[in-house]
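Here are a few notes to help you find your way around. Have the view open as you read, and take the points in order.

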Amino acid sequence: MSKVVYEGWMVRYGRRKIGRSYIHMRYFVLEPRLLAYYKKKPQDYQVPIKTMLIDGNCRVEDRGLKTHHGHMVYVLSVYNKKEKHHRITMAAFNIQEALMWKEKIESVIDQHQESQVPNGQQYVSFEYKSGMDSGRTASSSDHESQFSAPEDEDGSRRSLMRRTTIGNGPPESVLDWTKEFDAELANQNSDNQAFSRKHWRLLQCQNGLRIFEELLEVDYLPRSCSRAMKAVGVVEATCEEVFELVMSMDGTRYEWDCSFQYGSLVEEVDGHTAVLYHRLLLDWFPMVVWPRDLCYVRYWRRNDDGSYVVLFRSREHDNCGPQPGCVRAHLESGGYNIAPLKPRNGRPRTQVQHLIQIDLKGWGAGYLPAFQQHCLLQMLNSVAGLREWFSQTDERGVHTRIPVMVNMASSSLSLSKSGRSVHQSAFSVDQTNSANRNSVLLDEDSDDDDEFQIAESEQEPETSKTETDVKKTEEEPAHNIDLSCFSGNLKRNENENARNCWRTSDGSNFKVRSKSFCDDKRKIPAGKHLMDLVAVDWFKDSKRIDHVARRKGCAAQVAAEKGLFSMVVNVQVPGSTHYSMVFYFVTKELVPGSLLQRFVDGDDEFRNSRLKLIPQVPKGSWIVRQSVGSTPCLLGKAVDCNYIRGPTYLEIDVDIGSSTVANGVLGLVIGVITSLVVEMAFLVQANTPEELPERLIGAVRVSHIELSSAIVPNLESD
């Protein structure tokens, strides 16, 4: 056998055999180029049961928690993007072991990728020819791997880490309130008021916890629904230990959650999403006030930094109707954010944030404010219960198995057997069809180095100006383009309050890597764009709209007639009706040897590792702003990007439906798109001092888009 990277016993998770109800354990071995498993610990010349070649095309799919033969296991699936049917699925009884395997396999994949594309210097230009199929055969993106970014720090773990796909993404309209906290940390010294710390105030300190109350007033919730409140505390335990305890609904929960009376599983949607029934135990005049219960969707994920996010939101379900003797409360949003802290005195530490926004319903919630406040504080005190539970528990050395939840169908509650799925309001049909259509889930990456941003006051204006000027001379030829000859069906309007329109966004609103980023991780305002945004199209069709640059009369064709080069970004939104928002960026010429020119003429692997999107939501509901966030994302790793290199243009078809994570967020945004103002900046990520500072390709601001304004395009069929 060659050198072994990692090995050990794991659960062989696969098809169940009739008459077999026990767990099959197999011995898995990871080598630098091979993943294999055996019936027993392998000896010399022993033939494995199954093998898989590990290369840059492999992915690790996180399938989350599954019930397997009466045991709760954490499932991972390794597959090759070129051969999606060929995969090895494995599982562990505890999260720590599964995460160790995931990390080892991804490190082997990354090593192979780096050896194949040193510093991104391999370029293969793909030329578009007439007569080519208008489908996805124009690029190798669907068949090639998506590469991790080179290391930003000397020998340490890369700041742009791989994010494995997590379930079907958050269910529609489930609030990801943790996104706002991440954005607050990244922008605490910036001028972005969308994620200002002023949204929260310290209400009180209780039981060693800081209790915060949201300051924003909302008019779309009933008066009985309280403002959002959160408790923040520190627990001396690892994130995995806290997460496993938070996810439990067994007898252990009585020992740390004083508001818990009973809990059961209504439906297991996927490894990261479940519908739960939860009965609350509230101690506010129990002889007078009826008990409360909840039926809600629970979604969880693990972030790249090792933190865990658990999100709650009430949902109706056919198998969980109102229960006799209980008032059905409504959980507007809530959950836990479990983030690692630096150890102290050799002990692990974890920050736990618990947020709740709930309407307890009934006459007590409407007429007795003290009832709502008392019950909220009782529920938030579960963070103090977690802290005390771990401080008084000695059994910390052995990883415990994840507890199996009691199924509500088998409990003593009265249930209907007719319903089998989540109510349509919880999971849209479009989102479900899209998830099924893309059964092989994809990786996502995010640029998490925003925490290294410095305050505007600490930045040197002279340095920023010099960097911008130097980069301008290297990458941007002096030119003025007549924009009057370009048009799209979505109108341009510079009015701040205009609707169903677009305008160019100021580059200073976005932070990009500075010239000295490799040394100090400093970010600066982006400044002027490399290309001009000349038109925006808003299309719809019954099928996915590919290769829009071939449409006669489009902005890319007009630019070609004038001797200009275009970059077309086609953001494809899946659903029963497919939408595409197309952005046309134009420049007179590409500077030879510049990063932009290398990106345009490079191969798909290099493009996937460099194309970056920075989103912002300046105007929108609290839920959407927290769900979308403002973290930069490498598009080529998060979703499938199809690159079509024409004679005078490069088109990038961004398939949002290829990522269930992005598709989950999209399910939330698309329903309230008319109330949103969204900004997007596109750029090529710079990794080396020679490529820095970063420059935006372009940025756009779209305001209050109407779905009905989209038109069906007339595409040429060569």
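1. A word on confidence comes first: pLDDT is the predictor's confidence in each residue, on a scale from 0 to 100. You are looking at a predicted model, and its average pLDDT is 76, with 69% of the residues scoring at least 70.

2. Two stretches deserve some caution. Residues 16-21 stay under 50 in pLDDT, and the model gives them five contacts beyond four places in sequence. Residues 412-466 also stay under 50, though here the model has 151 contacts beyond four places in sequence. Where pLDDT is low, the predicted coordinates should not be read in detail. Please keep that in mind when you look at those contacts.

3. Now for the overall picture. The protein has 15 helices and 31 strands. Of its 718 residues, 59% are buried. About 30000 Å² is exposed, and carbon and sulfur atoms supply 50% of that area. Taking contacts between residues at least 6 apart in sequence, 70% join residues at least 24 apart.

4. Which residues touch the most other members of the largest nonpolar core? They are Trp101, Ile105, Val242, Tyr336, Ile358 and Leu386, in a core of 72 residues. Helix α1 (residues 95-116) gives this core its largest share, seven residues. Both domain 1 (6-112) and domain 2 (200-392) contribute at least three residues each. Another core, of 50 residues, lies apart from this one, and its members include Leu533, Leu635, Ala686 and Ala710.

5. Helix α3 (residues 239-247) is worth a stop. Nine of its nine residues are buried, so the helix is largely enclosed by the rest of the structure. The buried residues of α3 include charged-letter names you may want to locate, Glu240, Glu241 and Glu244, along with Cys239, Val242, Phe243, Leu245, Val246 and Met247. Val242 appears in point 4 too, among the residues that touch the most other members of the largest nonpolar core.

6. Finally, turn to Leu707, in the segment after β31 (696-703). Is Leu707 buried, partly exposed or exposed? Its relative accessibility is 28%, so Leu707 counts as partly exposed, since buried would require a value under 20%. Leaving aside neighbours within four places in sequence, Leu707 is in contact with Trp538, Tyr579, Ile670 and Ile673. Of these partners, Trp538 is 169 residues away from Leu707 in sequence, yet their C-alpha atoms are 8.8 Å apart in space.

How values were computed:
Residues numbered from 1 in each chain as written. Predicted model: local features only at pLDDT ≥ 70, side-chain atom pairs only at ≥ 80, totals over all residues. Heavy atoms only, no water. Helix = DSSP H or I, 4+ residues; strand = E, 2+ residues; numbered from the N terminus. Buried < 20%, exposed > 50% of the residue type's maximum accessible area, 1.4 Å probe, protein only. Contact = heavy atoms within 4.5 Å. Areas by Shrake-Rupley, 256 points an atom, 1.4 Å probe, with all protein chains shown as cover. Core = buried A, V, L, I, M, F, W, Y, C linked by side-chain atoms within 4.5 Å. Domains from an automatic or database assignment.
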